[in-house]
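Me: I'm new to this structure and would like to understand the terms used for it. Could you take me through some of them?

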Amino acid sequence: MQLKHIILTCLILVPCLFASGQDASFRRMPAGWSAESPREEIAPDFEYNLKGGPDGNGSFGISTDNRSGSFGWFEKSFPVEGGKYYRFSALQRTRNLKQARRTAVTRVLWRDADGKRVQHDFESTASYGTGKRPRAEPEFPAIVKELDNGWSLVQGVYLVPTAATQGIVELSYRWEARGKVEWAQVSLSKTEAPPARKVKLATIHFKPYDGDSNLEKCQLFEPLIADAAKQGANIVVLPECLTYYGRGLKYVDCSEAIPGGVSTEYFKKLAKKYNLYICAGLLERDGRLIYNTAALVGPEGFVGKYRKVTLPRGEIEEGITPGTEYPVFETSFGKVGMMICYDGFFPEVARKLSQNGAEVICWPVWGCNPLLGAARACENHVFVVSSTYCGVELDWMITGVYGRDGQVLSQAQEFGEVAISEVDLSKPLIWSSLGDFKAQLPSHTPAEKRRDD
């Protein structure tokens with residue numbers, strides 16, 4: 001007897017196993033749904049609550065007690081029309097989970113009429129399997145909104161491969177002990193194609209030798225910012241510690257309030273004048289502390305800042321304080337994160353920014369191994385935009401735009417140049433073997449071991 005039949009029999013005949021005194025609430029699951037697990041010995045507890053969910057119209061639940069390693073899912077095949085866009089949507093609630101991103105996982109699998117895997121209709125542009133039609137790997141809908149009632153909205157919009165006739169939805173619980181996941185209002189329905197989100201990412205290759213004040217250093221960048229704006233840039237990245245460069249001073253001598261200091265006030269005016277976003281590497285004073293900071297300003301004014309988390313020896317020795325947060329900011333074109341120079345030597349910073357939703361990471365960087373820039377872009381499937389003081393003759397860090405597969409999309413060759421690339425944030429990068437890797441990162445990234453685990 002298959003596991004799903006055992007579980008469903010218990011669910012129908014012995015509802016008290018799931019909720020004593022709630023017999024009327026537990027009935028047969030909606031048509032087409034089944035409960036699955038790779039092996040009976042690792043099956044979690046399944047339930048369908050007829051009065052569950054925020055609207056009281058029913059919810060699916062999977063839980064386990066102290067049995068770590070439990071794995072199972074609810075499954076249903078939805079009919080789909082190949083070549084059309086479909087939206088998956090569900091509400092999800094988790095309880096007592098330490099790693100909800102890995103434990104509560106939703107997938108959509110495209111299959112033909114015989115249940116076989118299908119290929120996408122387009123040819124991959126990724127660096128592996130370029131020019132080949134990739135196999136349609138599982139889709140991983142993401143949490144797009146936390147609701148006030150304790151539930152989260154999980155959604156994803158997908159182009160169904162032409163050969164597919166069914167979308168198999170899986171609502172799964174993975175591995176963790178002593179937790180519970182519920183899903184409600186699950187649907188897979190036809191929708192309109194999402195609008196393109198074409199963005200021009202620009203970066204400036206420039207050494208600000210002249211200027212004896214913070215303001216004068218900033219003013220040197222206006223002609224290049226104007227050039228980027230003329231080319232239609234939505235955002236432009238400037239280098240690290242630009243008010244400190246070439247002055248022979250200490251970091252503290254070039255520091256100022258962010259926002260409110262002369263540099264951010266000046267760049268705010270330029271951002272409004274040229275109708276774009278500017279990421280500038282500056283030095284920040286906050287009380288008695290000094291930070292190496294990247295400031296983001298836009299047409300609407302000051303957007304936010306990032307304080308460099310990883311510090312090299314020289315900055316530590318001069319009394320720079322490290323930051324502790326990984327903020328991501330909503331702009332008119334998408335979600336932007338920032339990191340600074342030495343951050344690129346460590347995978348954690350870009351990964352945290354990616355996990356927090358960054359689609360583009362701006363990177364003011366004095367110098368770094370350009371291969372690490374490619375790695376940070378590729379391992380997180382984000383666009384990385386770097387601005388460095390290194391010349392190309394050094395064969396070291398570049399001023400350029402990295403694609404989501406780590407390939408360099410554009411690169412400045414001479415100082416005084418603007419490098420710019422147009423990208424479409426609405427189109428995921430699909431690999432021939434991995435599918436949409438960025439969508440899988442939350443559920444596949446290793447868990448952090450905690451002392452009480």
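Me: What makes Thr-293 in strand 14 the partner of Leu-282?

Reply: In this predicted model, a bridge links the two: the bridge partner of Leu-282 in strand 14 is Thr-293.

Me: How do you know that strand 13 and strand 14 pair?

Reply: Two strands count as paired when DSSP finds at least two bridges between them. Nine bridges join strand 13 (residues 277-286) to strand 14 (residues 289-298), so the pair meets the definition. The two strands run antiparallel.

Me: Which sheet has the order 15-14-13-12-11-22, and what are strand 15 and strand 22 in it?

Reply: That is an open sheet of six strands with mixed pairing. Strand 15 (301-307) and strand 22 (417-424) are its edges: each has a single partner strand, so one side of each has no neighbour in the sheet. On average, neighbouring strands here are turned by 30° against each other, direction ignored.

Me: Which strands does helix 4 lie across?

Reply: Helix 4 (residues 222-230) lies across strand 11 (198-205), strand 12, strand 13 and strand 22, and runs at about 35° to strand 22.

Me: What is the order of the other open sheet, and why do strand 16 and strand 21 count as edges?

Reply: Six strands form that open sheet in the order 16-17-18-19-20-21, with mixed pairing. Strand 16 (328-330) and strand 21 (408-411) each have a single partner strand, so one side of each is left without a neighbour in the sheet. Neighbouring strands of this sheet are turned by 20° against each other on average, direction ignored.

Me: How do you know that strand 18 and strand 19 pair?

Reply: The cut-off is at least two bridges. Strand 18 (residues 360-364) and strand 19 (residues 383-387) are joined by five bridges, so they pair by that rule. They run parallel, and Val-360 stands opposite Phe-383 in strand 19. Helix 8 (residues 370-380) lies across strand 18, strand 19 and strand 20 (400-402), at about 40° to strand 20.

Me: Why is Ser-386 called buried?

Reply: Buried means under 20% relative accessible area. Ser-386, found in strand 19, has a value of 0%, so it is buried. Beyond its neighbours within four places in sequence, its contacts include Thr-203, Trp-363 and Tyr-402.

Me: What makes the pair of Ser-386 and Ile-398 a polar contact?

Reply: The cut-off for a pair of N or O atoms is within 3.5 Å. The backbone oxygen of Ile-398 lies 2.9 Å from a polar atom of the Ser-386 side chain, so the distance fits the cut-off.

Me: Is His-381 buried or exposed, and what is notable about its phi?

Reply: The relative accessible area of His-381 is 3%, so this residue is buried. Its place is in the loop between helix 8 and strand 19. Its phi is near 55°, a positive value in a residue other than glycine.

Me: Why is Trp-175 called partly exposed?

Reply: Partly exposed covers values between the 20% limit for buried and the 50% limit for exposed. Trp-175 has 37%, so it is partly exposed. This residue is found in strand 9 (residues 166-175), and its phi is near 75°, again a positive value in a residue other than glycine.

Me: How do you know that the peptide bond from Ile-258 to Pro-259 is cis?

Reply: Its omega is near 0°. Pro-259 lies in the loop between strand 12 (235-237) and helix 5 (262-274).

Methods
Residues are numbered from 1 along each chain as its sequence is written. This is a predicted model: local features need pLDDT of at least 70, side-chain atom pairs count only at pLDDT 80 or more; totals for chains, interfaces and linings use all residues. Side-chain values use heavy atoms; hydrogens and water are left out. Helices (H or I, at least four residues) and strands (E, at least two) are DSSP runs, numbered from the N terminus. Axes are lines fitted to C-alpha atoms, for helices over the stretch in contact, and angles run from 0 to 180 degrees between N-to-C directions. Contact means heavy atoms within 4.5 Å. Buried means under 20% relative accessible area, exposed over 50%, partly exposed in between (1.4 Å probe, protein chains only). A polar contact is a pair of N or O atoms within 3.5 Å; within protein, one must be able to donate a hydrogen and the other to accept it, and residues adjacent in sequence count only if both atoms are side-chain atoms.
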